[in-house]
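Here are a few exercises on reading strand order, pairing and helix packing. Have a look at the model, then work through each one.

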Amino acid sequence: MKQAIYPKGWKPNRGFYSPAYKIDLGNSWLIFVSGQQVAKNEKNDEASTDDIAEQTEYVFRALQKTLNDAGASLDDVVKVQIFLTDMNDFDVVSKIRERYFAKSKPVSTMVEVNGFTVKGAKIEIELTAVIEK
């Protein structure tokens, strides 16, 4: 059994997708969370800030909200994938990531990409979590 998770106030950036899925594994739930990007400026559909630290904080708060609505937290994350448009932002992002994942210390991938669906976005993060029933 799978259950789509739509956090309160969720609005898709672009495309047709579910923000998260909660999958029944018997004694636990496996939760996949779609990639999250920075908030859009409502006037021009561009990133609301160009500061990588602000974008990263926004993304982690959005992920946290989605996980909470699925009955989980960042402490339940087992895998995280981080996509950056500039690997020179690695140190800034890593310090923030370390704070949010202080308890879970998930397996991780970080790669550089050309761009995202939100113009001016510098980071996107997707993750997988597991919680006991």
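The exercises below move from the sheet to the helices.

This is a predicted model, in which local features need pLDDT of at least 70, side-chain atom pairs count only at pLDDT 80 or more, and totals for chains, interfaces and linings use all residues. Residues are numbered from 1 along each chain as its sequence is written, and side-chain values use heavy atoms, with hydrogens and water left out.

**Exercise 1.** Find the order of the strands in the sheet.

*Solution.* Start with the terms: strands (E, at least two residues) and helices (H or I, at least four) are DSSP runs, numbered from the N terminus, and two strands pair if DSSP finds at least two bridges between them. Six strands then give an open, mixed sheet ordered β1-β2-β3-β6-β4-β5. Next, look for strands that pair on one side only: these edge strands are β1 (2–5) and β5.

**Exercise 2.** Determine the sense in which β1 pairs with β2.

*Solution.* β2 covers residues 20–24, and its four bridges to β1 are antiparallel. To place the register, note that A4 stands opposite Y21.

**Exercise 3.** Trace the chain from β4 to β5 and give the handedness of the crossover.

*Solution.* First, β4 (residues 77–84) and β5 (residues 107–112) are parallel over six bridges. Within this pair, V80 has S108 as its bridge partner. The connection runs through helix α2 (residues 90–100), and this β-α-β crossover is right-handed (with the strands pointing away from the viewer, the path from the first strand over the helix to the second runs clockwise).
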